[in-house]
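Welcome, and please open your viewer with the model loaded. We will go from one selection to the next, pausing at each stop to see what is there.

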Amino acid sequence: MFLLAWLLRETLRDPVPERLAPLVAATAPHDLARTARVTGLPPDALLALRDRLHRAERPLVWSGLGVLLGPHGLLGWWLTLALQDALGGLGRPGGWRWQPGLVDVPAWARRLRLRAHDGVTAPIDGWPAILGTLPAATLPADVLRDDPDRLRALIVVGGDPRLALPDAAAAERALRRLDLLVCLDVRPSATAELAHALLPAATWLERDASGVHTGNQRPVPHLRLDRAVIPPVGEAREDLAILADLAPGPGGWLLRRLAAAGTTPLVRALAAHAGVPWREVTSPRGALGALDATPPAARPAVPAWCDALAALPDPEPDGLRLVTSVRPIGAMNHWLGGDDAPRDARIHPDDWPHPPGDALLVGPAGAVRVRAVPDPTLARGTVVVPFGGRGGHPNAVVGATAGALEPFTGQPVSNGARVTLRPTEGG
């Protein structure tokens, strides 16, 4: 993130567009000397990277889990967008394509008067709800508090909070305390082992589906209806039909109507609103729209984020830092496999003067068994433990208190969490 801040500082040269002007002051503290000190990269390497980026005909800057799982994930993602904007790469070929999709979901949200912040806050630490959702990391504390209004029932759709939530021990205690825990899934999970009911959900081959909400993530606007290949097997049903039976009152009535109608009428209505032929929507290619030649200008200079960036302190240099933004194929999610075998914990030989072997990864919330593997290609001061599977799951050691969560979103901080790696007895 500090690297992104410096690159943005170096890119904001006169004349700076008015909408980017507040970023000049926000990035001012992130000079070359500080960036080299914090990142550990030589000044010559930083300058070479800057020059290469500025010389590029179609510069592209991208970030993902590595930044988002860090202690300032939102600021890092925002800096990525702001830097791409400053380089002139928003809405242009080779950069970030700026298109709302054939079905403009944000416009529909505004039409339905849905607001990002509606005044609802979490009972723990007052985290604000975003589009009606609260940070999942606060769930265990809500369940475990001594209050008659605590969370008592939970329906989990295709998730595994027992493993995915930080502080796995607290998450398991909370799940066991619930009066009712229901899981909808395509296969058993660690959370389902604690559930009062596990309801089989239809797989992606057993139901009609349309990626309406991802239509703006393609190079061009797109809408397609994918038909089920086979009917649901056994007692499996679509998620919406199961939720309709679980929901009482008016909400249940609406869900039952939607479940009875199925996916097709809804997609047909959206296609009519978008003005695309139904035969194209149901074709293998799907319906394609046209890109807007003049996409709207971004407004990245969010005051609260600018203030946070300007006041950002240097990270503490000592200690071992955890990196979890590695998701190996076959153990990425519980339904893709993974087992109880300890995960490999890769670490630089200077930080692990021992042969490969069993070890304990210890963090603020506990410890898990891992297999330490020296790797000279890693940066010193880091230990890499892949996310996924059950054995050696890194979230078990990550804390869930307010100080251990990303300050704007409540996202658990796994990349950058301070940990230690200890040889086990005889290891």
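Contact, on this tour, means heavy atoms within 4.5 Å. What you have open is a predicted model, so local features need pLDDT of at least 70 and side-chain atom pairs count only at pLDDT 80 or more, while totals for chains, interfaces and linings use all residues. Residues are numbered from 1 along each chain as its sequence is written, and side-chain values use heavy atoms, with hydrogens and water left out.

**Stop 1: aspartate 375**

Select aspartate 375, in the loop between strand E9 (366-374) and strand E10 (382-384). The element names come from DSSP runs, numbered from the N terminus: helices are H or I with at least four residues, strands are E with at least two. Is aspartate 375 buried or exposed? Aspartate 375 counts as buried, at 13% relative accessibility. The cut-offs are under 20% relative accessible area for buried, over 50% for exposed, and partly exposed in between, using a 1.4 Å probe and protein chains only. Now show what surrounds this side of the loop: leaving aside neighbours within four places in sequence, aspartate 375 is in contact with Arg346, Ile347, His348 and Pro349.

**Stop 2: the barrel**

Next, colour the strands E6 to E11. They form a closed barrel of six strands in the order E6-E10-E7-E9-E8-E11, with mixed pairing. On average, neighbouring strands of this sheet are turned by 45° against each other, direction ignored. Two strands pair here if DSSP finds at least two bridges between them. In general, strands of a sheet pair through backbone hydrogen bonds, either parallel or antiparallel.

Zoom in on strand E6 (residues 320-323) and strand E11 (residues 418-423), which pair in the antiparallel sense over two bridges. Which residue of E11 is the bridge partner of leucine 320? Pick valine 419 to see that partner.

**Stop 3: helix H3**

Move to helix H3 (residues 32-39), where arginine 34 is found. Arg34, Thr35 and Ala36 of this helix are buried, and the buried residues of H3 pack against H1 and helix H4 (43-55). Arginine 34 itself has a relative accessible area of 11%, which is why it counts as buried. Beyond its neighbours within four places in sequence, arginine 34 is in contact with Phe2, Pro29, Leu312, Pro313 and Asp314.

Threonine 39 is in H3 too, and counts as partly exposed at 30% relative accessibility. Try a distance label from threonine 39 to leucine 270: their C-alpha atoms are separated by 48 Å, with these positions 231 residues apart along the chain. Just after H3, glycine 40 takes a positive phi of about 80°.

**Stop 4: two helix pairs**

Select H1 and H4. They pack at an angle of about 55°, with their axes 11 Å apart. Axes are lines fitted to C-alpha atoms, for helices over the stretch in contact, and angles run from 0 to 180 degrees between N-to-C directions. That angle makes H1 oblique to H4. Angles under 35 degrees count as roughly parallel, over 145 as roughly antiparallel, 65 to 115 as roughly perpendicular and the rest as oblique. Show the side chains in the contact: Leu3, Trp6, Leu7, Glu10 and Thr11 from H1, with Leu46, Leu47, Leu49, Arg50, Leu53 and His54 from H4.

Then select helix H6 (residues 73-86) and helix H15 (residues 303-310), which pack at about 105° with their axes 11 Å apart. H6 and H15 are therefore roughly perpendicular to each other. Leu74, Leu75, Trp78 and Leu79 of H6 meet Trp305, Cys306, Ala308 and Leu309 of H15.

**Stop 5: backbone details**

Most residues other than glycine have a negative phi, and most peptide bonds are trans. With that in mind, go to the loop between helix H1 (2-11) and helix H2 (21-27), where proline 15 lies. A cis peptide bond joins aspartate 14 and proline 15, with omega about -5°.

Jump to aspartate 125, in the loop between helix H7 (105-111) and helix H8 (139-144). Its phi is near 65°, a positive value, and aspartate 125 is exposed, with a relative accessible area of 54%. Finish at aspartate 167, in the loop between helix H9 (161-164) and helix H10 (168-177), where phi is near 55°, again positive.
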